[in-house]
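Work through the exercises below with the structure in view. Each task is followed by a solution in steps.

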Amino acid sequence: MGVGYRVKRYGAAVPPLASDGGRRLFSGSEADLIGDFRALRDIGVTAIDIDFGRPDADAVIAEMRRFKAAVIEKI
């Protein structure tokens, strides 16, 4: 059994502050996102599901490729 986390929005699409005044997970820069992935991994999260919703399949694939190069490959 593993623990998963779903990310519906990330980066600038996420308000930076949570209700407690702390930084909201997956908000901010690509460096912030990398830190969030690492922190979740360190507490035992074994899967992260990212929603790359875009208007069409080509836009989804383009964003997935960009995200992989900018974030995933740096974790």
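For the charges in this predicted model, Lys and Arg count as positive and Asp and Glu as negative, while His and the chain ends are not counted.

**Exercise 1.** State how far apart the mean positions of the positive and negative charges of the protein chain are.

Solution. Begin with the counts: the protein chain carries 12 positive and 11 negative charges. Then take the mean position of each set; the two means lie 1 Å apart.

**Exercise 2.** Describe the secondary structure of the protein chain and its order along the sequence.

Solution. First list the elements: there are two helices and two strands. Next read them along the sequence, which gives the pattern β-α-β-α.

**Exercise 3.** Give the extent, the surface and the burial of the protein chain.

Solution. Start with the C-alpha trace, which spans about 35 × 30 × 20 Å along its principal axes. The accessible surface is about 5000 Å², and carbon and sulfur atoms contribute 57% of that area. Finally, 24% of the 75 residues count as buried.

**Exercise 4.** Find what share of the contacts with a separation of 6 or more joins residues 24 or more positions apart.

Solution. Take the contacts in the protein chain with a separation of 6 or more as the whole; residues 24 or more positions apart account for 48% of them.

**Exercise 5.** Locate Phe26 and decide whether Phe26 is buried or exposed.

Solution. Phe26 sits in the loop between strand 1 (3-7) and helix 1 (30-42). Its phi is near 65°, a positive value in a residue other than glycine. The cut-off for buried is under 20% relative accessible area. Phe26 has 2% relative accessibility, so Phe26 counts as buried.

Technical notes: Residues are numbered from 1 along each chain as its sequence is written. This is a predicted model: local features need pLDDT of at least 70, side-chain atom pairs count only at pLDDT 80 or more; totals for chains, interfaces and linings use all residues. Side-chain values use heavy atoms; hydrogens and water are left out. Helices (H or I, at least four residues) and strands (E, at least two) are DSSP runs, numbered from the N terminus. Buried means under 20% relative accessible area, exposed over 50%, partly exposed in between (1.4 Å probe, protein chains only). Contact means heavy atoms within 4.5 Å. Accessible areas come from the Shrake-Rupley method with a 1.4 Å probe; for residues, only the protein chains shown count as cover. The place of a charge is taken as NZ of Lys, CZ of Arg, CG of Asp or CD of Glu.
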